[in-house]
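User: Please walk me through this model in short questions and answers.

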Amino acid sequence: MISNKIFSKTVKSILTQGIKNNNRTFISINNNNNKENEFKKFQNRFGPFPEYVKIVEVGPRDGLQNEKIIVPTTDKIQLINRLAQTGLSVVEATSFVSPKWVPQMADNKEVLRGIEKVEGVSYPCLTPNIQGFRAALDAGAKEIALFAAASESFSKKNINATIEESLARYKDVCDAAKENGIKVRGYVSCVLGCPYEHNVPISKVVYVSKKLYEYGCYEISLGDTIGIGTPGATHKLLQAMSQAIPMDAIAVHFHDTYGQALANILTSLQFGISTVDSSVSGLGGCPYAKGATGNVATEDVLYMMKDLGINCNVDMDKLMDVSLWISKKLNRSPSSKVSLALSHKAANSTTDSNNNTTTTTTTTTNTKSTEIPVNCNTNINKMASEKEKQHIFITSNNNTNTNTKNNDRTSNNQSTLVF
């Protein structure tokens, strides 16, 4: 049986303690004790990876647009403001689309005008056509995003236009944006599969991406709309894309329907991709794939990046707090594996601490702590209702059954603009 001393020494030689706040520990490769050369060898063998990766946070737009219940404007504004305080340099704010098709984004002007602009943070807005662009410009937008599809069927279903018709629209938008000094980012949907056509030719993805880049989009985000992509398919796609567009102008946008998002991102990093789209708490969903879990969670991406020695300039603790806050607002548990795991760890630490008190104190504590907050900064006695608790808390003895209802985030009667 290995001694505690040997075990401790072994662990310390491999892992650092990382960030420790509120009982949250993040693992990373040890750079101390003259191990930097070994770390570089690890990176070169496993990578090489970019030193810095920009995270494009899409939660307030792509994450919320598919919610069946309208999220209050004040909550949307607060979500954006809180995300901007985590160190994120890009927070996608809203969509200037017809409220008839996406009622969740009907308050786009109020949201964009209501947020507290942080220096160094971009707040791009989605615009489907010249009318949406003008509305965004009027509301004060400094950056916009366009969305095209590599699938003809998806393009018709999603925006009621063929690929060529959509590209003609976007040429006009890009020209208008250039005249007004507005930056433009481009999205391409269905790059690794389509819910209607299934397989999408890589040549079609390259064609649409190249057109948007030629029109003036400074960055092209490749979207695995239904989350069906794998590392092998991602490798083939990026290999082709690298011949058409500079790699520093390519971003990746993975949904995690089949649990492949992080693996696909890792493959992308090995290609030199340094921009990754993600959504706080894994918000989002695809109305075309039953059981789709939506966008890859920003917390999960950051956790992996830290272990690889990649800097993202984002405070994980603050992001965790935002994740748990918005999950409570939406009356559900976070979809992020990292948020759930670290929050449970924090809750268990609280339980262990309670068990070390005196017998009298323990009796009192156990009476009050049948439920332990996932977020250790939250006082359960101040929670508003039992309904809120059932989504945010776990039981201390793991014997209490919590009936959690899965929110169906699909809507057959609503056309959502997914990527």
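The turns below cover confidence, the sheet, helices and the core.

User: How confident is the predictor, and what average pLDDT does the protein have?
Analyst: This is a predicted model, where local features need pLDDT of at least 70, side-chain atom pairs count only at pLDDT 80 or more, and totals for chains, interfaces and linings use all residues. Residues are numbered from 1 along each chain as its sequence is written, and side-chain values use heavy atoms, without hydrogens and water. pLDDT is the predictor's confidence in each residue, from 0 to 100. 69% of the residues score at least 70, and the protein's average is 79.

User: Over which residues, starting at 1, is the pLDDT below 50?
Analyst: Where pLDDT is low, the predicted coordinates should not be read in detail. One such stretch has 52 contacts beyond near neighbours in sequence; contact means heavy atoms within 4.5 Å. The pLDDT is below 50 over residues 1-31.

User: Which are the edge strands of the open sheet?
Analyst: Strands are DSSP runs of E, at least two residues, and helices are runs of H or I, at least four, numbered from the N terminus. Two strands pair if DSSP finds at least two bridges between them. The open sheet has 9 strands in the order 4-3-11-10-9-8-7-6-5, with parallel pairing. Pairing on one side only marks the edge strands, strand 4 (90-91) and strand 5 (94-95).

User: Which residue in strand 4 does V56 stand opposite?
Analyst: Strand 3 (residues 54-57) pairs with strand 4 in the parallel sense, over 2 bridges. Opposite V56 stands V90.

User: How far apart are the end C-alpha atoms of helix 9?
Analyst: The expected span is 1.5 Å times one less than the number of residues. Helix 9 (residues 202-215) has 14 residues, so it should span 20 Å. The model agrees, with its end C-alpha atoms apart by 20 Å.

User: Is D75 buried or exposed?
Analyst: D75 lies in helix 4 (residues 73-84). Beyond neighbours within four places in sequence, D75 is in contact with W325 and K329. Buried means under 20% relative accessible area, exposed over 50%, partly exposed in between (1.4 Å probe, protein chains only). D75 has 12% relative accessibility, so D75 counts as buried.

User: Which helix gives the most to the largest nonpolar core?
Analyst: A nonpolar core is a set of buried Ala, Val, Leu, Ile, Met, Phe, Trp, Tyr and Cys residues joined through side-chain atoms within 4.5 Å. The largest has 101 residues, and those with the most contacts inside it include L212 and M305. With 7 residues, the element that gives the most to this core is helix 8.
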